Amino acid sequence: MLVEERRRKILQMLDEQGSVMVEELSERFSVSTVTIRADLASLERTGRLVRSHGGAVKPQVYDMPLGVKETLHRREKGRIGQAAAKMIRDGETVLLDSGTSTAAIAREVKALPLRALTVITNALNIAMELAGLRHIRVIMLGGMLREMSYSLVGPHAEQILERFHVDRLFLGVDGVDPEVGLTTPDVLEAKLNALMIRVSRQVVVVADSSKFGRRSLSKIADLDAVHKVITDRKISADMVRALKAANIEVVIV
């Protein structure tokens with residue numbers, strides 16, 4: 001079977017099932033798992049699928065459940081979380097948006113040698129991650145619960161957030177495009193994210209390389225709102241140049 005035909009059939013299976021596994025595809029097409037992973041990597045670069053732990057899922061115009069997102073690019077998010085946490089200083093107030101990359105930051109924050117830190121978040125999972133640590137004060141934004149992301153959004157969250165001034169925002173996004181800017185699938189999430197940017201002195205986007213060149217439903221802000229991007233080594237050289245041309249510091253881990 002020709003490579004293009006195999007990849008076309010992989011996409012057909014993905015369309016029918018919603019997800020595929022490397023071992024399943026290896027047996028189906030009688031090729032090695034190395035070959036299948038190369039197929040999936042090639043298809044991901046063209047935006048036809050999103051790789052997950054042990055396989056791939058269909059790309060989503062709308063949001064994925066948090067449990068699915070947690071299986072995607074886990075090693076990359078772990079390194080991004082470590083690099084982001086190292087930026088945090090004693091006595092600061094930081095804002096953590098909902099998402100799996102920001103959750104990785106929260107896990108790293110617990111090990112930081114800090115005497116005092118204030119964390120504001122709209123994410124239930126992040127608040128629970130940091131709960132019980134005496135040196136970390138957690139402020140939870142109220143609002144309407146989004147079950148897909150365990151995040152709180154809406155007018156109540158916005159009213160609370162407007163009262164704060166934050167040293168640093170760590171923002172996870174679903175799409176970063178040089179022309180469109182930062183995007184996310186949910187309209188209310190996008191509105192709250194835009195307000196997070198406005199109340200923060202520094203905006204740090206934390207996103208694995210699969211998010212770059214991708215556009216989602218709702219725009220958060222233009223790229224000129226961002227001060228720094230932390231991502232992984234798979235980001236393209238062209239994208240790095242575009243980010244630096246927008247005066248954004250790029251940290252690759």
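Here are a few points to help you find your way around this predicted model.

1. A good place to start is the open sheet of three strands, ordered E10-E11-E13 and paired in antiparallel fashion. Strand E10 (175-177) and strand E13 (218-221) are its edge strands, each pairing on one side only. On average, neighbouring strands here are turned by 35° against each other, direction ignored.

2. Next, look at how E11 meets E13. Strand E11 covers residues 181-184, and three bridges join it to E13. Within E11 and E13, Leu-182 stands opposite Ala-221. Helix H9 (residues 187-198) lies across both strands and runs at about 5° to E13.

3. Leu-182 deserves a second look. In the largest nonpolar core, which has 34 residues, Leu-182, Ile-197 and Leu-243 touch the most other members. H9 gives this core its largest share, five residues. Beyond its neighbours within four places in sequence, Leu-182 is in contact with several residues, including Leu-171, Val-176, Ile-197, Val-205, Ile-220 and Ala-221.

4. There is also a second, separate core, made of 25 residues. Among them are Ala-83, Val-109, Val-119 and Val-206.

5. Finally, follow the chain to a parallel pair: four bridges join strand E14 (residues 228-231) to strand E15 (residues 249-252). Ile-230 has Val-251 in E15 as its bridge partner. Between E14 and E15 the chain passes through helix H10 (residues 237-245), making a right-handed β-α-β crossover.

Terms used:
Residues numbered from 1 in each chain as written. Predicted model: local features only at pLDDT ≥ 70, side-chain atom pairs only at ≥ 80, totals over all residues. Heavy atoms only, no water. Pairing = 2+ DSSP bridges. Helix = DSSP H or I, 4+ residues; strand = E, 2+ residues; numbered from the N terminus. Axes fitted to C-alpha atoms, helices over the stretch in contact; angles between N-to-C directions. Contact = heavy atoms within 4.5 Å. Right-handed = clockwise from strand over helix to strand, strands pointing away. Core = buried A, V, L, I, M, F, W, Y, C linked by side-chain atoms within 4.5 Å. Buried < 20%, exposed > 50% of the residue type's maximum accessible area, 1.4 Å probe, protein only.
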